[in-house]
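Welcome, and thank you for opening the viewer. Shall we take a walk through this model together, one selection at a time?

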Amino acid sequence: MASPAKKIRLAAVGDLHYGKSSQGVLQPLLQQVNQAADILLLLGDLTDYGHPDEATMFAKELTTVVRIPIVAVLGNHDYESERPGDVRQILEQAGVKVLDGEACEVLGIGFAGIKGFGGGFGQRVLAPWGEKVVKQFVHEALEEALKLESALSRLRTERRYALLHYAPIEATVETEPLEIYPFLGCSRLEEPLNRYPLDGVFHGHAHHGGQHGKTKSGVPVYNVSLPLMMKISPERPFHLEEVAMPSPKLMAAGA
């Protein structure tokens, strides 16, 4: 008789915006995550102004409460003080795996992560034409898409997820004001996601966006911004996903 498939539980949430007055505020959330999940995924805007002091306080809270592996990407707020390298280093010293164009494996699951960038969606995506600053804006989105492509190409596990801060599809920003769509994400980020086998994509940033959608290739995309999760599920303000892991016997048979 075949043994039941092992399941790994992922807790995903973004936009925690840890600031100088946040001490203790996230404790209930972190305690709940620690009890409910096997891996915590953080989808950017971990700090409010991207200051090292905020990162240090946030890292201390994480290590005090959370005993499970943590994988993260940074968000635009983490760049505000122009010290994202310091923020990343502080978090990594606390045991958080921060991805910026890299891939990693945790408990047999592969994760590829980037921050992402804006630019708009579909036929209205911003083109590199006109003023130099517009070309630079588009170049940034293209660079992030290339970093995501590189990270995805390194994944070798059976179960695979992509982590972003900015949205890669329009469906998860649709209830935001139309005027800010170009600053919430970009379709250029979706292109690499359609070229690789993935079990899901998580992002934040769109505080009032839609909860979920799919890429053109059918990959589920989840907006797990904390303000949105608080509105949808205040009793459990994070996305919880159970991942059925392939049995070692099946993997050996297919090798």
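Before the first stop, please keep in mind that this is a predicted model.

**Stop 1: strand β8**

Select residues 200–203, which make up strand β8. Gly 200 and Phe 202 point one way, while Val 201 and His 203 point the other way. All of these residues are buried. There is a simple background to this pattern: in a regular strand the side chains alternate between the two faces of the sheet.

Now add the neighbours of β8. Strand β7, residues 159–163, runs parallel to β8 and is joined to it by three bridges. To see the pair up close, show Leu 163, which stands opposite Phe 202. Next, bring in strand β10, residues 220–223. β10 and β8 also run parallel and are joined by three bridges. Here the residue to pick is Asn 223, the bridge partner of His 203.

**Stop 2: Ala 12**

Keep Phe 202 on screen and select Ala 12, a residue of strand β1. Is Ala 12 buried or exposed? Its relative accessible area is 0%, so Ala 12 is buried. Leaving out residues up to four places away in sequence, Ala 12 touches Leu 41, Leu 43, Phe 202, Val 224, Phe 238 and His 239. Try a distance next: the C-alpha atoms of Ala 12 and Leu 163 are separated by 9.5 Å, although these positions lie 151 residues apart along the chain.

**Stop 3: strand β1 and its sheet**

Widen the selection to the whole of β1, residues 7–13. This strand is mostly covered, with five of its seven residues buried. Which strands pair with β1? One partner is β11, in the antiparallel sense over six bridges. Show Ala 12 with His 239, its bridge partner in β11, and then Lys 7, which stands opposite Ala 244. Another partner is β2, paired with β1 in the parallel sense over four bridges. In β2, look for Ile 39, the bridge partner of Leu 10.

Zoom out, and the sheet comes into view: five strands in the order β4-β3-β2-β1-β11, forming an open sheet with mixed pairing. At the edges are β4 (97–98) and β11 (239–244), each pairing on one side only. As general background, strands of a sheet pair through backbone hydrogen bonds, either parallel or antiparallel.

**Stop 4: helix α1**

Select α1, residues 27–36. Colour Gln 27, Leu 29, Leu 30, Val 33 and Ala 36, which are buried. The buried residues of this helix pack against β1, β2, α2, α6 (226–232) and β11.

Add α2, residues 52–65. α1 and α2 pack at an angle of about 40°, with their axes 9 Å apart, and the two helices are therefore oblique to each other. Their crossing is right-handed. For the side chains where they meet, show Gln 27, Leu 30, Gln 31 and Asn 34 in α1, together with Glu 61, Leu 62 and Val 65 in α2.

**Stop 5: helices α2 and α3**

Hold on to α2 and add α3, residues 84–93. The axes of α2 and α3 are 9 Å apart, and the packing angle is about 15°. These helices are therefore roughly parallel to each other, and they too make a right-handed crossing. At this meeting place, Pro 52, Ala 55, Thr 56, Phe 58 and Ala 59 in α2 face contacts from Asp 86, Val 87, Ile 90 and Leu 91 in α3.

**Stop 6: the largest nonpolar core**

To finish, select Leu 40, Leu 42, Phe 58, Leu 62 and Leu 91. Among the 30 residues of the largest nonpolar core, these touch the most other members. At least two core residues come from each of β1, α1, β2, α2, β3 (70–73) and α3. Which element supplies the largest share? That is α2, with five residues.

Centre the view on Leu 40 for a last look. Apart from its neighbours within four places in sequence, Leu 40 is in contact with Ala 11, Val 13, Val 33, Leu 62, Val 66, Ile 68, Pro 69, Ile 70 and Val 71.

Definitions and conventions: Residues are numbered from 1 along each chain as its sequence is written. This is a predicted model: local features need pLDDT of at least 70, side-chain atom pairs count only at pLDDT 80 or more; totals for chains, interfaces and linings use all residues. Side-chain values use heavy atoms; hydrogens and water are left out. A nonpolar core is a set of buried Ala, Val, Leu, Ile, Met, Phe, Trp, Tyr and Cys residues joined through side-chain atoms within 4.5 Å. Buried means under 20% relative accessible area, exposed over 50%, partly exposed in between (1.4 Å probe, protein chains only). Contact means heavy atoms within 4.5 Å. Two strands pair if DSSP finds at least two bridges between them. Axes are lines fitted to C-alpha atoms, for helices over the stretch in contact, and angles run from 0 to 180 degrees between N-to-C directions. Angles under 35 degrees count as roughly parallel, over 145 as roughly antiparallel, 65 to 115 as roughly perpendicular and the rest as oblique. A crossing is left-handed if the near helix is turned anticlockwise from the far one by less than a right angle, and right-handed if clockwise.
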